[in-house]
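Subject: Structure handover

Hello,

Here is the structure I said I would pass on. Please look it over first; my notes on salt bridges and one helix follow below it.

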Amino acid sequence: MSTPQDNNMVPVEDAEQQLVAYLDGELSDDERIVVEARLADDYDYRLRLQRLERAWDMLDSLPRVEASDQFVHTTVEMISVAASQELETIQVRQKSRSWRIAAITGAAALAAAVFGFAWISQSATRQNEELLTELPLIENMDRYQKVDEVEFLERLRSEGLFVSEVDDGV
């Protein structure tokens, strides 16, 4: 008997499958020509084919048994139950997936809301701090607009006139 290592032949299991396909007429023309060429050259391969043909013939000689209605009914019920279980499994997976998507979407929305609140809060606080820093200037704006020269205001500041107002604002 030849082995797959001999003559770079097809492995034994593949050879069996190839012969079964040959007997069933499932090979393409090219595959069939390859098998027939090998059958002409390889004695062991021919013996394998003959054993398969005998097994096929013996199967044909066995009495045919018709399936009972009970067997058919039971088989159909089993298929129906299996299909129902598979459908339930698919539905559970879809519900679980929907919940996961909703949870992820909710978490993303919550994170965006928290981030947005923090950003706006930080931004508003910074603007309020700037306004508080500038509050003495804003409160005295009418007075400062009446002064024509900035040098005059700087002279007043150097004399310490605005020290108490700045301390009050900070």
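The count of salt bridges comes to four, taking a side-chain nitrogen of Lys or Arg within 4 Å of a carboxyl oxygen of Asp or Glu as the criterion. Please keep in mind that this is a predicted model, and that the distances below come from its heavy atoms. Three of the pairs are described here.

Two of them share Arg32. The side chain of Arg32 meets that of Asp29 in a salt bridge, at 3.6 Å from N to O. Arg32 also forms a salt bridge with Glu36, where the N to O distance is 3.4 Å. Asp29, Arg32 and Glu36 are thereby linked in a network of salt bridges.

The spacing along the sequence fits a helix in both cases. Asp29 and Arg32 are three residues apart in helix α2, about one turn of the helix. Glu36 and Arg32 lie in helix α2 as well, four residues apart, again about one turn.

The members of this network vary in how far they are accessible. Asp29 has a relative accessibility of 53% and therefore counts as exposed, since the cut-off for exposed is over 50%. Arg32 has a relative accessible area of 32%, so it is partly exposed. Glu36, at 33% relative accessibility, counts as partly exposed too.

A further salt bridge joins the side chains of Arg38 and Asp42, at 3.5 Å from N to O. Is this pair buried or exposed? Both Arg38 and Asp42 are buried, that is, under 20% relative accessible area.

Now to helix α2 itself, residues 29-41. With 13 residues at 1.5 Å a residue, α2 should span 18 Å; its end C-alpha atoms are 19 Å apart, which agrees.

Which residues of α2 are buried? They are Val35, Arg38 and Leu39. These buried residues lie on the same side of α2, because they cover an arc of only 105° around the axis. The other side of α2 carries the exposed residues Asp29, Asp30, Ala40 and Asp41.

Two residues thus appear in both parts of these notes. Arg38 belongs to the buried set of α2 and is paired with Asp42. Asp29 is among the exposed residues on the other side of α2 and is paired with Arg32.

Regards

Technical notes. Residues are numbered from 1 along each chain as its sequence is written. This is a predicted model: local features need pLDDT of at least 70, side-chain atom pairs count only at pLDDT 80 or more; totals for chains, interfaces and linings use all residues. Helices (H or I, at least four residues) and strands (E, at least two) are DSSP runs, numbered from the N terminus. The expected span of a helix is 1.5 Å times one less than its number of residues. Buried means under 20% relative accessible area, exposed over 50%, partly exposed in between (1.4 Å probe, protein chains only). The arc is that of the directions from the helix axis to the C-beta atoms.
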